[in-house]
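Visitor: I would like a close look at a single strand and what surrounds it. Please take one part and follow it outward to the rest of the chain.

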Amino acid sequence: MTNYTFYPTYFLLVGIPGLEHEHIWISIPFCIIYVLALLGNIMVMVVILMSPILHQPMFILLSMLAFNDELLCTSVAPKMLSIFWFSDRAISFNGCLLQMFFIHAFSSIESGFLLSMAYDRYIAINKPLWYSSIITTRLIPRLVIVFVVRAVVLVGPCLVLIKRFPAFKTNVIAHSYCEHMAVVKLAAADIRVNSIYGLFVAFTILFFDLLFIFFSYIMIFNAVFRLPSKDARLKAFNTCTPHMCVFLSFYSMAIFSFLSHRYGEKIPPYVHIIFSDSYLLVPPMLNPLIYGIKTTLIREEIWKILKKTQ
């Protein structure tokens, strides 16, 4: 820490403030979670790729979600583990901004995929006769382009706004990765524009997507409760359960992390940092487990592939 202002060529990531002496032990669950996330999402992508019966829009969306999960957790876990294991805290200024861009961009794309999967379930349950004409394989690449463009357009200016700062109070980031507000708070300048823009991006992505997902499920539940038989209602609920589990885990952790950075002065720093780290690693680990267990077709195809390898 310094008592003068300067323009840093690199930042120093603390890891988990207050628990530096426990980094080795903390690294064990995070390493396990990261490995499980990699293996689980690779398994989902391979199963969907190798099984012609799964070459349907819903499963293609799921494979794209798995690919994005791979990129999201890989954008943060390797550097985080190098801090925990080797005290490799230094990261270049531009490298920090690049990591920040990838983390927030992949989180934005993740939210977009969850929104599209809610829309997929809405059409499947509310307009089943129109499903094959609305949800097509040609729609998927268009959605991917929209989500990527949205992420670049919204997250990119955050980097430009940080680059305009003339000086910083310190180059020590009390975090395990380069999070937007954690870097902005170091600036020796007025940060109101950055804070307001960060709120705008979060509202545009998280709350906008969450609002439409919530609206979709209101319509879905309304349609399900109108089904004549109990078995039909149960089957409809089962098709939605995996997605509900995934988006609840992602959005609940994302909103807590976002709000605690701005309004969580009374939350101990190590609690906030551990939760922020988990938010980027736990959902990518849970997604393939949830879909693999709850989706019958995927579970059956996994068993078929495992039997062929024996």
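Guide: Start at L12, which stands opposite A90 in β2. Its bridge partner in β3 is V172. The model is a predicted one, in which local features need pLDDT of at least 70, side-chain atom pairs count only at pLDDT 80 or more, and totals for chains, interfaces and linings use all residues. Residues are numbered from 1 along each chain as its sequence is written, and side-chain values use heavy atoms, with hydrogens and water left out.

L12 belongs to strand β1, residues 10–13. Strands (E, at least two residues) and helices (H or I, at least four) are DSSP runs numbered from the N terminus. Two strands pair if DSSP finds at least two bridges between them. β1 has 3 bridges to β2 (residues 90–92), and these two strands run antiparallel. With β3 (residues 172–173), β1 has 2 bridges and runs parallel.

In a regular strand the side chains alternate between the two faces of the sheet. In β1, F11 and L13 point to one face and are buried, while Y10 and L12 point to the other and are not. Buried means under 20% relative accessible area, exposed over 50%, and partly exposed in between, with a 1.4 Å probe and protein chains only.

Before β2, the loop from α3 (77–86) holds S87. S87 counts as exposed because its relative accessibility is 55%. Its phi is positive, about 55 degrees, although S87 is not a glycine. Most residues other than glycine have a negative phi.

Another element is helix α6, residues 139–163. The 25 residues of α6 should span 36 Å at 1.5 Å a residue, and the end C-alpha atoms are 37 Å apart, which agrees; the expected span is 1.5 Å times one less than the number of residues. Among the buried residues of α6 are I140, L143, F147, R150 and L154. The buried residues of α6 pack against α2 (57–74), α4 (93–126), α7 (180–184) and α8 (192–225), where contact means heavy atoms within 4.5 Å.

For the wider setting, the protein has 11 helices and 3 strands, in the order β-α-α-α-β-α-α-α-β-α-α-α-α-α along the sequence. Buried residues make up 51% of the 310 residues. Of the contacts with a separation of 6 or more, 80% are between residues 24 or more positions apart. The C-alpha atoms fill a box of roughly 70 × 45 × 35 Å along the principal axes.
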